[in-house]
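Student: Please pick one part of this model and go through it closely, with the cut-offs behind each term. After that, add what can be said about a few sites elsewhere in the chain.

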Amino acid sequence: MTLQNQGPPDLRFTTNSLSLTAGLIWLFNGLSSRPDDGSAARDLMCTILPLTADYDQDGLQMVPRQADRDNGDQLPVCAYGAFFLRDLIWPPTADVPRMQHGHVMHANSYKYFFGLDFHALRNKHNPTAYIPRARIPASHVKTQKGMSKRHKPEADALGAAAIFQDLDFPVPPLPRDVGADLPFDERLDFPPTLNEAFPVTVTKHWNQFCSDVLQKCGNMRAQPLHPSHCRLTMNERCKATDDVYKETNLAVIFYRVQWKRASGTEWREAFDKFFPPPGTPPPLQPQNYTTMQSWLEWADMKRDKPRDVVDAVRTRYLTLFNQLAWVPKPHNDRLWKYTLDDSFTMLPATHRSSAPQVIFKPGARIPSWDPANIPGEIHLEEEEEEEEDPQHPDYVPAAQWVSNVRPVPLRLLQMREEEEESESDAE
């Protein structure tokens, strides 16, 4: 079952694979109670168990009424009182374990075991016209194209960081007007928590920057079934701190990445792009940056705070920035770039497609790649000369054939009179 679940949908949803799936479930259920012996189960037995035309052999799993028998009909058998399945096809011959090509079940039997007939089941889980959203893996995180989400600090990290404790800037009180003559929705009565200390505000802003950068890391173009470039979930990205950027085992953070050692100048230019110095003229609208809370708040801080305060904050940001091991390689027009670049080294080395570019600080430890240490409906038409007589007792319309194979005659699946009587007595 595990091998089937791990296989591609186009191999999992075939008649032979589904027959094996239904058969295993039927056998598992038989461990705790008498194996199901209804018409659908008999159809399944004819599909997965060895067959014999010897009606006198021990171990026959069903014996049709005498009137329903036809010379040459083969019936499922369990030799020596044990269940043996027909031949199976295993990896590496097939990526998904399946029954050897042979009998198939009726549409009603598929409905009994899976809730849908074969065609509806396949079109639901493996359609050819589109990719179902249910097939998108959890590792494919939707790109945060809109405004970045607010950073979610841990409960023990709600105060100010030590490096910002000595920042002293009196935050002017918020405007207040709670006159009873004003309509309720026009009163200015902000909660006291908005009047937070400036060191706390700056700490939140730095953490927001660390979260924003990862939130903007995207996916492979037109590849919704592939994992995102970044291994972290969106919730983990929203809780990220600068500790993420100190991790040198890049397999912990990414599924694929390009890296290179930055020069001192290149490292400083990266900082200036994240936190432009006061007096820098605003750039033409770039990608990513304009939907990062931290980038916009930094512009507001430069506008609203005195120059000396902004410089003091930026100096401390640079100190923290220089403690990081890596950051994305920022560009003027966008934060993340994924094109292949020969000046970067690809991790893992076997990857040959797009990947995010990151730069390592001069003197930082060379990155490693150690994934082992990561903390935890189609109707098949029959040729005219092969079409059966509709009056024949074994006739099955071509539309009900599965993979061009006729199901077992229904007459073989009917319960004998003796069995019907015994079940009536049991009730």
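Tutor: What follows takes the sheet and its adjoining loops, then some sites elsewhere.

This is a predicted model, so local features need pLDDT of at least 70 and side-chain atom pairs count only at pLDDT 80 or more, while totals for chains, interfaces and linings use all residues. Residues are numbered from 1 along each chain as its sequence is written, and side-chain values use heavy atoms, with hydrogens and water left out.

Confidence comes before the details. pLDDT is the predictor's confidence in each residue, on a scale from 0 to 100. The mean pLDDT of the protein chain is 82, and 82% of its residues reach 70 or more. Over residues 377-387 the pLDDT is below 50, yet this stretch has 15 contacts in the model beyond near neighbours in sequence. Contact here means heavy atoms within 4.5 Å.

Now the sheet. Strands (E, at least two residues) and helices (H or I, at least four) are DSSP runs, numbered from the N terminus. Two strands count as paired if DSSP finds at least two bridges between them. In general, the strands of a sheet pair through backbone hydrogen bonds, either parallel or antiparallel. Four strands make up an open sheet in the order β6-β8-β5-β7, with mixed pairing. Its edges are β6 (326-328) and β7 (345-347), each of which pairs on one side only. Neighbouring strands of the sheet are turned against each other by 35° on average, direction ignored. The axes behind such angles are lines fitted to C-alpha atoms, for helices over the stretch in contact, and angles run from 0 to 180 degrees between N-to-C directions.

Strand β8 is the one to follow residue by residue. Strand β5 (residues 257-261) and strand β8 (residues 357-360) run parallel and are joined by four bridges. From this pair, Q258 stands opposite Q357 in β8, and W259 has V358 as its bridge partner in β8. The pairing of β8 with β6 is antiparallel, over three bridges. Here P328 stands opposite V358 in β8. V358 is thus a partner to W259 and also faces P328.

Side chains of β8 go two ways: Q357 and I359 point one way, V358 and F360 the other, and all are buried. Buried means under 20% relative accessible area; exposed means over 50%, and partly exposed is in between (1.4 Å probe, protein chains only). Helix α9 (residues 264-274) lies across β5, β6 and β8, and it runs at about 55° to β6.

The loops next to β8 hold two sites worth checking. H351 sits in the loop between β7 and β8. With a relative accessible area of 14%, H351 is buried. Its side chain reaches the backbone oxygen of S353 at 3.4 Å, which falls under the polar-contact definition: a pair of N or O atoms within 3.5 Å, where within protein one must be able to donate a hydrogen and the other to accept it, and residues adjacent in sequence count only if both atoms are side-chain atoms. Setting aside neighbours within four places in sequence, H351 is in contact with M220, R256 and M346.

V405 lies in the loop between β8 and α12 (417-426). This valine counts as buried, at 16% relative accessibility. Not counting residues up to four places away in sequence, V405 touches H101, G102 and V104.

Elsewhere, S17 belongs to helix α3 (residues 15-30). At 1% relative accessibility, S17 counts as buried. A polar atom of its side chain lies 2.8 Å from the backbone oxygen of L11, and the S17 side chain also makes a polar contact with the side chain of T14 (3.0 Å). Beyond neighbours within four places in sequence, the contacts of S17 include Q4, V96, P97 and R98.

V141 is in the loop between α6 (118-125) and α7 (198-215), and V141 counts as buried at 10% relative accessibility. V141 and H229 are 88 residues apart in sequence but 9.0 Å apart in space, C-alpha to C-alpha. Apart from residues up to four places away, V141 touches N219, S228, L232, T233, M234 and R237.

Last, the cysteines. The structure holds zero disulfides, a disulfide being a pair of cysteine sulfur atoms within 2.5 Å. C46 is buried, with a relative accessible area of 1%, and C238 is buried with a relative accessible area of 1%.
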